[in-house]
Amino acid sequence: MLHVVGVRDGQLVYLKEKALDDKAQNLESKFNCSRHSRTITTRSLTKTNDIPFKHGNGATFHPPDATLLLFSLTLSLPPSWRIGLNASPNTREDFLINKKWPETESDKLGESTMFALFCSRQVVLLKSRRTQLGVFQQNAFFILKSFTSIGLCQSSEKRQEEKHSFTVSYLINSCGLSPKSAILASHSMNFENPERPDSVLNLLRENGFTPTHISKIIRVQPRFLLSDPEKTLLPKIEFFRSLGVSSSELPGILSSNPMLLARSLEKQLIPSYNFLKSVVLVNEKVVTALKRSARAFQFNVATNMAPNVALLRRLGVPQSTISFLVSNYPSEAFTKHTRFVEAVRQVMDMGFDPLKTVFVRAIQVLLKMSKPRFESKLEFYKRWGWSKDMALSAFKRNPMCMILSEEKITKVMDFLVNKMGWLSANIAINPAVLLFSLEKRIMPRFSVIQILLAKDLVKNDLSLSTILLPNERRFLEKFVIKFQDDIPQLFNVYQSKMDVLEIGRQSENVCVAEQL
């Protein structure tokens, strides 16, 4: 049941009752439409109680005085497409629209659109008394205009849904996105022709991007699929190659930082490169900075990095040290200037020398840590017997000891102090040992030293720095190869990476073997 309603300041809007023209009759026949059995004509709106009307749900009601006059048509439209338009005083209009349309030839959307337009042309206005209406007095034609546009809206919505469905399918099948990621990505763009997206993907593949790289890029920047690859993407890829980034490394860098491809080449990427090159001096260090953090290429360097570099130069920090900071810790060099200034002030107050590289290392650490976290780490070292002064002294020797996790510190301290018998004060003097891998460096070296001590081949006063600080080649020359003739299995012991109990047992076995 479809109710078509319209009243405005005493004027009744209804469907014309006169004979329909041939075209209208054809439409009426096609939709199997029949007019209501009661003939409704112009009449006073002051007494309408005697006329029964029907809601969209089929219920009959008798409207009170000064209510709306309804003209009803019984339509045999597809059951999945029904509209109910109801109105009464002091109630709002109620639209019950099921937007699904049967996908059959007989129920083509264009026919419903024609019928809607036909209905709108049959509207006439009849002068009547002014009534006191609450709901439709100002917007009498809203319902009819909505009905007229329903077919057109339905057609547009269906086309949009088809386009959206194609986009999601393409993102899943061609770009490797998960269904969830594809749906999220489709919210920012839609397309129904694969030509442009295909050209984008082909360009990426031709430049060494794997399906994994492509998936990461499109998930973050799906609108790249609508860009002109030859004008927007290729010039940026070629730019980064010109800096010295290898073809094997570039896809990984760009897929980890897709925003680099979204930045303007002339306004952002080239100016950022020029500034970085002026600080680090060589392309290799610019590439190092790019690999460690893409921030310097994504944001305006003049806002933060340039003032930070200028501050360091005013303090007399050597060019080589500034280059070290920018190339190895570009994110910290790009920190907001006010925060950078505060970190520099703290480092100066602790007595760091601006002429030494450890000065910028300390700045980098303080920029990574909040003040409460720094204080908490000082308290943690107290559990291992360090005073606050000892902890600060260790920080000045190697600032990186403050950003280690408590788990990492505990593992190394437990091995060296509780199992190997070293004083925690010795570790405070050589805090760099806390940074080494327990399994790959500390334990293998101590396994060798324990055997050498058991054989009296080395003195018992070796320092931690002597054992752990030399690089691997130097350690092997001094403590393994040198004693290879005396203990042939020493190199195998070094490679075995035993735990402390195995170290003790191996030392005993070596001694027994020698006695035999």
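How many aromatic pairs does the structure hold? The count comes to 16, where rings of Phe, Tyr and Trp (its six-membered ring) pair if their centres lie within 6.5 Å. This is a predicted model, so to speak for local features a pLDDT of at least 70 is needed, side-chain atom pairs count only at pLDDT 80 or more, and totals for chains, interfaces and linings use all residues. Residues are numbered from 1 along each chain as its sequence is written, and side-chain values use heavy atoms, with hydrogens and water left out.

Take F239 and Y273 to begin with: this aromatic pair is edge-to-face, at 6.2 Å centre to centre and 85° between the planes (planes over 60 degrees apart count as edge-to-face, under 30 as stacked and the rest as tilted). The two rings sit 34 residues apart and tie together distant parts of the chain, F239 being in helix α7 (residues 229-242) and Y273 in helix α9 (residues 265-280). Helices here are DSSP runs of H or I, at least four residues long, numbered from the N terminus. F239 counts as buried because its relative accessibility is 11%, and Y273 is buried too, with a relative accessible area of 14%; buried means under 20% relative accessible area, exposed over 50% and partly exposed in between, with a 1.4 Å probe and protein chains only.

F240 and F297 make another edge-to-face pair, 5.9 Å centre to centre with 65° between the planes. This one reaches from F240 in α7 to F297 in helix α11 (residues 295-298), 57 residues apart, and both rings belong to buried residues. Ring pairs join F239, F240, Y273 and F297 into a cluster.

The helices behind the F239 pair also pack together: the axes of α7 and α9 are 12 Å apart, at an angle of about 5°. Axes are lines fitted to C-alpha atoms, for helices over the stretch in contact, with angles running from 0 to 180 degrees between N-to-C directions. That angle makes α7 roughly parallel to α9 (under 35 degrees is roughly parallel, over 145 roughly antiparallel, 65 to 115 roughly perpendicular and the rest oblique). On the α7 side, P235, K236, F239 and F240 make the contact, and on the α9 side L265, L269, I270 and Y273, contact meaning heavy atoms within 4.5 Å.

Elsewhere, α15 (residues 337-349) and α16 (residues 358-368) have axes that come within 9 Å and cross at roughly 125°, which means α15 is oblique to α16.

Key:
Helix = DSSP H or I, 4+ residues; strand = E, 2+ residues; numbered from the N terminus.
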